[in-house]
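Me: Could you take a close look at one part of this model for me, the nonpolar patch on the surface, and then show me a buried residue for contrast? I'd love a connected walk-through.

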Amino acid sequence: AGFGRFQTLVTYAAIVTVLIDLGFNSLYPREAARRPAEAGRYLGNLITLRLGMAVIAFGVFAAVLTVPQLEYLLIPGFLLMLAQSFSGLLRQTFYARQRVGYEAVAIVLEGVILLVLTLIGISANAGVTYFVWAYAIQWTLSCAYALTVLALTRMVKLQLRFEPQLLRTWLRASLPFAMTFVITTLYFKSDVPILRQFRPYAEVGWYTAAYKPFEALLFVPVSMLNVVYPILAIYHREAPDRLLLGLQRFYKLLLLVGWPLTVGMVVLAPGLAKLVAYPQSEPALAILGVGVVLMFVNNTFIAALNSIDRQLSFTWASVISMVFNISLNLLVIPIWGYLGASWSTVLTETVLLVCGWWLTRRYLGGLPFFQLSWRVVVAGLVMGLALIPFRGVEHAGVVAVVGLGAAVYGIAVLLIRALDAGELELLRRAARR
């Protein structure tokens with residue numbers, strides 16, 4: 001129940017963050033990649049605007065926390081929300097300037113800080129409030145790191161500015177991004193408030209514990225998207241003949257990583273649930289595992305449409321997905337509770353996949369999905385068959401089984417030649433770096 005309260009607070013914070021972001025986190029790296037000399041000017045304006053919007057967000061956040069009766073978490077929750085928002089904006093500069101090594105360091109530092117604070121909280125038997133503060137501190141230190149790197153490397157010449165004309169122009173361009181952010185946040189997060197209205201906090205805890213690996217894995221395709229998206233945006237303007245090839249390789253890489261994660265989560269759900277969640281989370285973990293590969297490959301269509309300045313088209317796809325998700329949650333959660341919420345998430349990702357595929361085909365032409373996919377799919381199924389005898393393994397043994405699965409998958413990928421010579425060379429170069 002405590003974990004359910006914590007995740008409910010985080011969910012409400014994510015929804016209100018929309019008022020601070022306004023879609024600029026997606027527009028900024030694209031424009032800064034295209035015009036590197038203007039990056040500092042853009043960032044200075046966005047920081048000033050975000051500070052102003054934070055005042056409005058505080059009032060809204062205070063009001064919405066009265067619904068789940070979590071008002072006592074207002075201050076740490078708001079600091080968490082604000083620091084996470086600014087950290088995301090500052091660190092988009094690393095992607096815009098293709099200096100992602102600094103982002104890698106930031107991720108490791110965040111993990112270490114949060115691990116230390118979590119272990120302290122566990123040893124002190126701390127409550128929900130402590131862990132909200134722990135996350136807030138983590139994101140605050142992340143902001144400090146990003147500002148320090150930007151200052152020392154002179155990656156951008158940061159100076160607070162407020163240029164209404166620039167911001168008005170950007171607001172018009174970012175409106176589709178903002179709408180997409182609002183919509184995707186609602187369809188990713190609406191299940192928790194709805195579940196809380198019909199079920200106790202304990203069931204919210206079971207569901208969000210199963211959802212945590214699903215949500216954590218989202219970091220992988222989003223990080224890949226953040227690297228590839230500025231490059232595709234440049235291709236669109238300067239080398240359109242490279243765009244489709246880049247998009248095909250991006251799709252294949254997403255599938256190559258996402259498909260074995262889906263197979264592994266479904267097959268090993270019993271052991272994984274006891275390792276990273278609660279025993280009651282097992283069926284939800286298996287269901288959500290089906291959606292992992294969909295979540296990965298959907299980033300292909302986000303990259304495609306945003307890079308060719310068709311962000312409004314993806315906004316409409318997100319609208320359809322949001323309406324579908326909320327309607328389905330209201331229908332299934334009162335009957336099936338957290339398992340209904342799990343299936344609703346998977347089906348929503350499916351709807352988004354269909355919409356994204358159709359829009360990409362309309363504006364860029366069709367991608368040879370079968371040709372790109374079938375060998376990867378076969379390699380994942382081979383891995384799944386190898387893992388079935390170990391389905392009941394628990395505790396630390398699960399880690400060893402995951403390693404075994406990764407080895408089998410890697411061998412299968414090589415034997416059936418799921419990667420062509422060009423893709424293997426890309427991986428070799430990446431590994432050497």
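Reply: Helix α7 gives the nonpolar patch its largest share, three residues. This is a predicted model, so please read every value here as computed from it. The whole patch is formed by Phe58, Ile75, Leu79, Trp133, Ile137 and Leu141, which together have about 490 Å² of accessible area on the surface. Two elements give two or more residues to the patch: α5, spanning 74-96, and α7, spanning 128-153.

Within that group, Trp133 is a good residue to click on. Trp133 lies in helix α7, and its relative accessibility is 34%. Because the partly exposed class runs between the buried limit of 20% and the exposed limit of 50%, Trp133 counts as partly exposed.

For the contrast you asked for, turn to Glu203, which is found in helix α10, residues 201-217. Glu203 has a relative accessibility of 8%, and therefore counts as buried. Its surroundings are easy to trace. The Glu203 side chain makes a polar contact with the side chain of Arg199 at 3.3 Å. The side chain of Glu203 also reaches the backbone nitrogen of Tyr338, at 2.9 Å. Leaving aside residues up to four places away in sequence, Glu203 touches Leu195, Gly337 and Tyr338. Tyr338 therefore turns up twice around Glu203: in the list of residues that Glu203 touches, and through the backbone nitrogen that the Glu203 side chain reaches.

Methods:
Residues are numbered from 1 along each chain as its sequence is written. This is a predicted model: local features need pLDDT of at least 70, side-chain atom pairs count only at pLDDT 80 or more; totals for chains, interfaces and linings use all residues. Side-chain values use heavy atoms; hydrogens and water are left out. Patches are made of residues with over 30% relative accessible area and no salt bridge: like charges are joined within 9 Å, nonpolar side chains (Val, Leu, Ile, Met, Phe, Trp, Tyr) within 5 Å. Accessible areas come from the Shrake-Rupley method with a 1.4 Å probe; for residues, only the protein chains shown count as cover. A salt bridge is a side-chain nitrogen of Lys or Arg within 4 Å of a carboxyl oxygen of Asp or Glu. Helices (H or I, at least four residues) and strands (E, at least two) are DSSP runs, numbered from the N terminus. Buried means under 20% relative accessible area, exposed over 50%, partly exposed in between (1.4 Å probe, protein chains only). A polar contact is a pair of N or O atoms within 3.5 Å; within protein, one must be able to donate a hydrogen and the other to accept it, and residues adjacent in sequence count only if both atoms are side-chain atoms. Contact means heavy atoms within 4.5 Å.
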